[in-house]
Every structure is written in C-alpha cells, then in structure tokens.
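Reader: Could you take me on a close look at a single helix here, and show me how its sides differ? If there is enclosed space elsewhere in the model, I would enjoy hearing about that too.

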Amino acid sequence: MTPPTMRAVRVEAATGHVVVQSVRRPRPAAGQVLVRVAAAGLGRPDVELVAGRGGLRPDASGWRTLGREVAGVVAAPGAGVDGWPLGRRVALRSSVRMPRGRFALGVDQEGGWADYVVAPVESLVLLPDVVPFEQAAVLDVVATAWSALARTGGLRPGEAVGIWGVGGLGTHAVQVARLLGAAPIVAIDPRPEARQRALGLGADAALDPEDASFDADLRGVNGGRLLDVALHAAGSGAPQVLASLATDGRAVLLGGSAAGALGDVVDPWADGKCLLGHAGPLPEDVPLLLRLITHRRLDLSSSVTDVLPLEEAPAALERLVADDGRTVRVVLRPGAAPALPGTG
C-alpha cells in the first residue's frame with residue numbers, strides 16, 4: 001500500500017535551493033499532534049534561513065521543510081494526547097523547550113510550509129474562532145516583538161522608544177509599543193514605504209537613520225531627550241542604537257548580526273546604558289496576544305500583505321530579498337494543487 005503523500009516547501013541546506021515537492025505525510029508519535037495547515041507565515045527570517053544565516057539544521061538527506069509560523073486544525077492526535085480533538089483550531093509556537101532540548105519548527109524540525117505538520121502537544125495554542133487563520137499565522141513574530149519590549153526591555157508607559165527596522169517584526173513592535181503606552185514611538189528605517197506604514201500604525205515619528213540630521217531629529221521628537229528603550233530589529237546600525245540611548249537606557253538587540261556589528265565603536269555600559277539580548281517569547285505570550293486580539297485591543301488585519309498558494313513560496317522568498325519595505329508578512333495557504341515531483 002502506497003503511503004499518503006503531501007506537498008512541502010523544502011530547502012537544500014548546502015545550496016539554498018528551494019523547491020516544492022511531494023513527500024510522505026508524517027504520522028504523530030506519542031505526545032505529538034498532526035496538524036492540517038491552514039495558513040503559514042513567510043518573512044525575512046525565512047530568507048536568512050535559506051541563505052544559511054539562521055541556524056538551519058537539515059535532516060540526514062541535507063534538506064529541511066521550512067515554515068515556523070503556522071495555524072491550522074488538529075488532524076490526528078498521537079498516543080497519550082488528550083484535549084485536542086479532530087478539527088480543533090490551533091496556532092503553533094515555533095519554539096518550545098522539551099525534556100531533550102528545544103523544538104524549533106522549520107529550523108531543526110520539519111516546518112509548516114506543507115499540507116500537514118507534526119508538532120509536540122506543548123506547542124499547541126487554542127485558536128478562538130474570531131481570529132482568522134491568516135492572522136494567527138503571524139502570531140509568532142508578534143509574540144517576539146511583545147516579549148522583546150514588554151519583558152526584556154521592560155518598556156513602561158510614557159517612556160520613549162526607538163525601533164530600528166520596521167519590517168515584519170518592527171512593524172508589530174510599533175503596535176506593541178503603543179499598546180504598552182510608550183511615548184513617543186520613533187520608527188527608524190531607510191525605506192520610505194516602511195516609515196509610512198509605521199506612521200499609519202501609530203508611530204509618532206519615522207526617521208531615516210542615514211539622514212545627516214538624524215541625531216537632531218531624534219532629540220526634536222522627544223523634547224531634546226534621547227531614548228529610554230531601543231529595539232534593534234535591523235541588519236545594521238547597532239552602534240547608532242546605543243548612541244541614541246539616554247542615561248540608564250536599555251537596548252534590546254535581536255539576532256547575532258546586531259551584536260556582531262557593535263565592535264569597539266561604543267561602550268554600551270557608559271552612563272549606565274544596558275545592552276540586552278532577547279531569548280524569545282515565553283509560553284504564555286501567544287495566549288495573551290490572542291486575548292488582546294479577541295477583545296479588540298490588538299488588530300493584525302494589516303499584518304498580512306499577501307496570501308499566496310503554497311507553490312509560490314520560492315518566488316515569494318525571492319521577492320523578499322529585494323523588498324522595498326512594502327511587505328509585512330506573506331501568508332501561504334495550502335490548497336488543491338497539481339501533482340509535484342517526489343523526493344525519491
């Protein structure tokens with residue numbers, strides 16, 4: 001009997017070659033759940049994974065199915081799994097701690113750019129009916145922005161915050177900062193489209209970090225003062241982030257590229273400045289965000305730039321490489337499709 005198959009978007013780690021293939025549909029082991037994917041997010045971090053800069057760990061064949069941001073319905077609970085019946089709407093946490101180490105969806109385990117994905121029951125979050133699958137598929141990046149500002153950065157009402165890089169994560173950081181009562185909120189990005197979007201979502205000002213007047217403009221926005229909190233979600237500019245902090249300010253740097261860009265340009269501990277690394281969301285962060293969405297405190301309707309069929313994932317990745325700031329998140333939606341070549 002031929003095993004059931006499904007479509008999956010896979011990357012060859014050695015070459016970065018991305019293809020959509022027909023593969024065997026996985027079966028959940030004990031403590032796992034098979035989820036039928038309804039929507040899966042695609043963003044700049046996926047481009048980094050394909051390019052070999054995001055810690056991708058391939059399987060024994062040298063390939064990995066991508067997809068870290070997933071929402072869908074329970075298709076088959078594994079042995080020992082209770083409380084997750086067939087058809088239950090769920091979102092998946094992309095990373096959870098397990099007894100034998102961390103489970104990282106689409107990084108060291110098969111991801112959700114596929115018709116089905118297997119995940120540990122610990123990664124499942126109940127998805128209310130009022131939250132569309134497409135918006136649920138971006139919850140992971142929103143949770144990262146939330147935890148970076150609210151938890152790691154300790155952002156308090158009335159504090160001035162600057163957000164370097166207003167792509168997918170930075171765009172949501174603007175929304176989170178407004179929710180937390182920050183004032184003013186300064187979005188910082190060289191791309192005009194990204195700055196304009198940030199203003200539309202609640203930023204008080206949007207500055208180009210490459211302008212010669214940047215330092216003066218930043219002080220002008222904040223009554224002559226520098227920033228209390230700075231979030232670095234860009235590929236460069238870390239020294240500028242630290243130089244923009246007031247005495248006792250806190251900088252949260254996301255990703256190794258930011259830390260590597262610091263060099264010896266600035267002493268982050270001068271004047272009591274605090275340089276913080278971010279370890280990612282806590283397990284309770286996604287359920288918290290879902291409550292905020294359900295009660296209309298947080299609106300993610302503008303977070304999904306495009307909804308595309310699974311087969312367009314390779315082209316969408318290429319598009320993001322040259323993105324001009326218009327894209328927040330692309331969402332892949334599996335559906336009926338023609339037969340695809342198998343993996344052999």
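Author: Happy to! Please keep in mind that this is a predicted model. What covers the buried residues of α5 includes α4 (168–179), β12 (185–188) and β13 (205–207). The helix itself spans residues 192–200, and its buried residues are Ala194, Arg195, Arg197 and Ala198. Looking down the axis of α5, you will find these buried residues within an arc of 160°, so they line one face of the helix. A general point about helices helps here: an α-helix has 3.6 residues a turn, so residues three or four places apart point the same way. Turn to the other side of α5 and you meet Pro192, Gln196 and Gly200, which are exposed. Follow the chain just past α5 and you come to Gly202, with a positive phi of about 120°.

Now for the enclosed space. The count comes to one cavity of 30 Å³ or more, and the largest cavity holds about 40 Å³ of space. Its lining is made up of Glu69, Val70, Ala91, Leu92, Ala136, Ala137, Leu139, Asp140 and Val286. At least two residues of that lining come from each of β5 (69–77), β6 (89–92) and α3 (139–152). As for chemical character, seven of the lining residues are nonpolar and two are charged, with no polar ones. The charged residues in the lining are Glu69 and Asp140.

Methods. Residues numbered from 1 in each chain as written. Predicted model: local features only at pLDDT ≥ 70, side-chain atom pairs only at ≥ 80, totals over all residues. Heavy atoms only, no water. Buried < 20%, exposed > 50% of the residue type's maximum accessible area, 1.4 Å probe, protein only. Helix = DSSP H or I, 4+ residues; strand = E, 2+ residues; numbered from the N terminus. Arc of directions from axis to C-beta. Contact = heavy atoms within 4.5 Å. 1 Å grid on protein atoms, 1.4 Å probe; cavity = no way out; pocket = protein on both sides within 12 Å on 5 of 7 lines; lining within 4 Å. Points joined across faces, edges and corners; volume = space filled by probe spheres on them.
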